[in-house]
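Let's take a walk through this structure, one neighbourhood at a time. Keep the 3D view open and follow along.

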Amino acid sequence: MNKFSRKLVSLGTCIAICGTAVLTGGCSGNSSKSSSSNGGKIDMEALEKEEKELKPDYSVNYDGIKTASINAGVSVHDPSILKVDDTYYIYGSHMSTAKSTDLRNWTSIGDGYDVNNPVYKNFLRNDDAFKYAGGAFSAIPTDDNGTHVWAPDVVYNKKQKKYFMYFCTSSTWNASNLCYATSESPEGPFEWQGALIYSGFTSDTLKDTDVLDYVSEDYAKEHYINNNGGMEEYNYNECPNAIDPTTFYDEDGKMWMVYGSWSGGIFLLEIDENTGKVIHPEADEKNNVDAYFGKRLIGGGHVAIEGPWIEYDKEAGYYYLFVSYGSLVSDGGYQIRVFRSKKVNGDYVDMKGNTPKPDSGDESFFGLKLSGNYMLPSLEKAYMATGHNSALIDTDGKRYIVNHTRFDDGTEAHEPRVHQYLLNEDGWPCMLPYATDGETVSEKGYDNEKIIGDYYVADQDTTVDGNIAEPFKLIFTDKGSVFGKDIKGVWTVKDGTYYVTIKYNDDEFKGVFCEMNDEAGTKCMTFSAVSKNKSLWGVKYYK
């Protein structure tokens with residue numbers, strides 16, 4: 001089983017929030033009452049009257065909208081981003097690496113299980129690298145007799161002044177080995193240095209790990225191995241699969257590694273900056289800290305969750321934990337979710353203040369869903385399985401999400417995509433609808449004539465399935481009203497900012513406006529807003 005198949009499982013005022021008043025946004029700052037709101041409540045009678053006078057057309061028609069497809073130039077699965085000087089690098093599964101200077105056009109610098117892959121120095125000839133897992137002759141052989149090297153992440157170790165790559169070799173859906181390699185250059189060659197964490201073992205293969213260097217044999221057999229009627233198996237419901245590592249610095253300059261996929265959930269271990277190796281903690285069962293695997297942050301019970309990435313945002317004051325749900329095939333519901341915490345070791349919570357635990361059940365109830373399957377104007381085909389992301393806060397302060405995407409084209413072909421994201425006024429990420437094209441949000445907001453009008457809107461919902469979020473129409477009026485089929489609500493902007501609040505159907509979406517190019521290069525106004533763990537994207541074309 002390889003990584004592809006292992007987890008099928010009104011134009012006078014702009015409106016702004018200021019108590020119960022509405023102020024001009026990006027205009028003059030005058031205040032007035034909205035015909036659609038009353039003390040913070042939606043005036044349905046006024047909305048019905050306005051809708052009757054407006055006689056809106058809610059049909060969705062793309063006539064006149066130019067379409068195009070972006071060609072990234074490479075296929076890099078599970079892309080992990082690193083910026084060095086003016087160059088962006090992405091490192092992906094199957095030993096694929098690429099670089100770019102604009103986050104759109106990528107050039108491969110190494111790809112596939114090739115002994116001549118320049119990014120990985122003699123890696124495939126290194127028996128130690130595959131001693132436990134990842135090869136046909138490993139202690140736990142790969143289930144397809146192939147080679148499995150997945151989800152690398154590269155970080156610059158400030159202490160050692162070297163680039164450290166953390167990655168995994170993997171044999172089955174839970175038998176894996178976290179390893180690390182080093183290089184003087186982000187382009188390699190990376191030379192294998194050692195193994196760090198093992199998973200998927202039983203009593204027979206425990207001796208092939210370093211587990212007993214940190215816990216007793218009795219403890220390992222009691223906590224890490226299950227015996228069901230004489231048949232042993234790895235305790236995957238509580239213990240992690242040792243894959244998908246990412247490494248980062250916290251606000252105090254300490255290094256950490258977050259890792260895990262399905263199985264026991266997402267775990268955290270500190271990294272010794274002097275060696276690049278993990279620091280095994282003291283056990284603290286009450287706080288979900290294991291002496292070998294580290295602290296469980298979220299997940300467990302073998303529900304869909306993987307590809308963790310933690311990004312510390314100094315301006316926001318939060319650590320953001322990004323993960324992916326679903327099965328990574330095109331119709332598997334693969335998607336990006338995010339949690340946040342004030343502390344590096346948690347608790348990480350979603351918009352509802354909840355954290356998924358091993359006994360929480362259905363994962364769809366947890367985490368803010370940023371991106372799933374969706375269709376938008378200008379796209380030639382729907383985007384599918386938009387998952388396994390990394391994130392970057394650039395030197396100019398712009399924030400980016402980097403993920404791979406498949407397409408609604410009957411294949412499993414995939415490409416990397418990069419979207420800018422902005423934080424709403426509550427500090428939650430709002431991912432912009434289209435791939436980044438150098439856009440810069442107006443810090444002072446936008447004039448009313450740019451905002452009001454007809455929007456093509458995709459509601460990402462919170463489902464984990466293969467359905468595509470197809471656009472529907474929302475109309476933003478100059479009176480601060482929002483109309484759609486069976487939808488009546490209000491919109492407001494915060495004076496002098498790009499922050500927007502959209503209320504309808506018992507939902508309050510708080511997000512951002514941003515003018516940007518669509519994927520055919522046509523300038524449009526967009527919004528991205530979030531509520532109750534779901535994202536709402538809107539696109540308006542200028543007439």
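What follows goes through a helix, a small group of strands, a hairpin and a few backbone oddities. Bear in mind that this is a predicted model.

Start with helix α1, residues 44–54. Just ahead of the helix sits D43, which caps its N-terminal end: a side-chain oxygen of D43 lies 3.3 Å from the backbone nitrogen of E45. Within α1, the buried residues are L47, E50 and E51. These span an arc of only 100 degrees around the axis, so they end up on the same side of α1. What lies over them? The cover for the buried residues of α1 includes β5 (41–42), β32 (481–484) and β33 (487–493). Turn the helix round, and the face pointing away from the buried side carries E45, K49, K52 and E53, which are exposed. Just past the end of α1, K55 has a positive phi of about 50 degrees.

Next, look for an open sheet of four strands, ordered β6-β7-β8-β9 and paired antiparallel. The edges are taken by β6 (80–84) and β9 (107–110); each has a single partner strand, so one side of each has no neighbour in the sheet. On average, neighbouring strands here are turned by 30 degrees against each other, ignoring direction. If you zoom in on β6 and β7 (residues 87–92), you'll find five bridges joining the antiparallel pair, with I81 partnered by I90 in β7.

The loops of this region are worth a stop too. Most residues other than glycine have a negative phi, and most peptide bonds are trans. H94, in the loop between β7 and β8 (96–100), has a positive phi near 65 degrees. L103, in the loop between β8 and β9, also has a positive phi, near 65 degrees. Are these two buried or exposed? H94 counts as partly exposed because its relative accessibility is 30%, while L103, at 5%, counts as buried.

Further along the chain comes strand β22 (residues 306–313), where eight of eight residues are buried. Six bridges tie β22 to β23 (residues 318–325), and the two run antiparallel. E311 faces Y320 in β23. Together these strands make a hairpin with four residues in between, and G317 in that turn has a positive phi of about 80 degrees.

Finally, check two cis peptide bonds. One runs from G188 to P189, with omega near 0 degrees; P189 is in the loop between β12 (176–183) and β13 (191–198). Another joins G346 and D347, with omega about 10 degrees, and D347 sits in the loop between β24 (335–341) and β25 (368–371).

Technical notes:
Residues numbered from 1 in each chain as written. Predicted model: local features only at pLDDT ≥ 70, side-chain atom pairs only at ≥ 80, totals over all residues. Heavy atoms only, no water. Pairing = 2+ DSSP bridges. Axes fitted to C-alpha atoms, helices over the stretch in contact; angles between N-to-C directions. Buried < 20%, exposed > 50% of the residue type's maximum accessible area, 1.4 Å probe, protein only. Arc of directions from axis to C-beta. Contact = heavy atoms within 4.5 Å. Polar contact = N/O pair within 3.5 Å; in protein donor to acceptor, adjacent residues only side chain to side chain.
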